[in-house]
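This briefing walks through a sheet and a pair of packed helices, for a reader who has the sequence and coordinates at hand. Please keep the structure open while reading, and follow each topic in turn.

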Amino acid sequence: MRACQLFLEKDKYIIPRQISLLKFQHPMKHLWSPWRMTYIENHEKQAGCVFCKAQSQADSAENLIVFRGQQAYVILNRYPYASGHLMVIPFVHQPNLEILHSETRAEMIELASLCTTKLKEIYKAESFNVGINIGEAAGAGVLGHVHIHVVPRWAGDTNFMTTLGEARVLPEALADTYQRVKAAFEK
Ligand SMILES: [Zn+2]
């Protein structure tokens, strides 16, 4: 079953928000990631900003931060579209790019670029979806704290059988992903 079909079977109110990342790059909606249902089911229950909470904690497989820069950091998505789905997040809690200092915006792009370099090294990623959902109508998952998604892609990863048949896109344990990605950023 495709992820988008799973979304459609849930509460109709959340459909526009949950498929937002899918919209900016059409092929993404075919990526098979049913584990994201956990995110959909738990998302509305969390209080406070998950990113501000994560950055206030020591870095580990618990908070999932793999790299801290000067103005922004890199964190694993807890409910990834694919193993290695990263996000670049400014330390300041702001809802859109315009409010950020230009230095912060610049560093975020540098970190997004670094993410693609590391994901090529670790997972032999062939392509990427890199994007930002700003505002509720665009479907931002964490409305108040702008962030860049970096999702690794491989040829054939939209095909259900290929996903099952090749370990490269099977979801690995998040703690394992954390160790691999953090080690790559520490090089
Ligand atoms: Zn925040």
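Which residue in strand 2 does Ile65 stand opposite? Ile65 stands opposite Ile75, and since this is a predicted model, that pairing, like everything below, is computed from predicted coordinates.

**Strand 2 and its surroundings**

- All five of the five residues of strand 2, which spans residues 72–76, are buried, and the strand is therefore largely enclosed by the rest of the structure.
- The side chains divide between two directions, with Ala72, Val74 and Leu76 pointing one way from strand 2 and Tyr73 and Ile75 pointing the other way, yet all of these residues are buried.

**Neighbours of strand 2**

- Strand 1, made up of residues 65–68, runs antiparallel to strand 2 and is joined to it by three bridges, while the connection between the two strands is a hairpin of three residues.
- Strand 3, covering residues 86–90, also pairs with strand 2 in the antiparallel sense, here over five bridges.
- Ile75 of strand 2 takes part in both pairings, for it stands opposite Ile65 and also opposite Met87 in strand 3.

**The sheet as a whole**

- Strands of a sheet pair through backbone hydrogen bonds, in either a parallel or an antiparallel arrangement.
- In this model the five strands form an open sheet in the order 1-2-3-5-4, and the pairing is antiparallel.
- The edges are held by strand 1 and by strand 4 (127–131), each of which pairs on one side only, and the twist from one strand to the next averages 20 degrees.
- Strand 4 is joined by five bridges to strand 5, which consists of residues 148–153, and these two strands run antiparallel; within this pairing, Ser127 has Arg153 of strand 5 as its bridge partner.

**Packing of helix 6 against helix 8**

- Helix 6 (residues 102–123) packs against helix 8 (residues 174–185) at an angle of about 125 degrees, and the two axes lie 10 Å apart.
- Because of that angle, helix 6 counts as oblique to helix 8, and helix 6 passes helix 8 in a right-handed crossing.
- On the helix 6 side the contact is made by Lys118, Glu121 and Ile122, and on the helix 8 side by Arg180, Val181, Ala184 and Phe185.
- Sorted by class, the residues in the contact of helix 6 with helix 8 are four nonpolar and three charged, with no polar residues.

Note on methods:
Residues are numbered from 1 along each chain as its sequence is written. This is a predicted model: local features need pLDDT of at least 70, side-chain atom pairs count only at pLDDT 80 or more; totals for chains, interfaces and linings use all residues. A residue is buried if 20 or more other C-beta atoms lie within 10 Å of its own, exposed if 12 or fewer, and partly exposed in between; C-beta atoms are placed from the backbone. Helices (H or I, at least four residues) and strands (E, at least two) are DSSP runs, numbered from the N terminus. Two strands pair if DSSP finds at least two bridges between them. Axes are lines fitted to C-alpha atoms, for helices over the stretch in contact, and angles run from 0 to 180 degrees between N-to-C directions. Angles under 35 degrees count as roughly parallel, over 145 as roughly antiparallel, 65 to 115 as roughly perpendicular and the rest as oblique. A crossing is left-handed if the near helix is turned anticlockwise from the far one by less than a right angle, and right-handed if clockwise. Two residues are in contact if their C-beta atoms, placed from the backbone, lie within 7 Å. Ala, Val, Leu, Ile, Met, Phe, Trp, Tyr, Cys and Pro count as nonpolar, Asp, Glu, Lys and Arg as charged, and the others, Gly among them, as polar.
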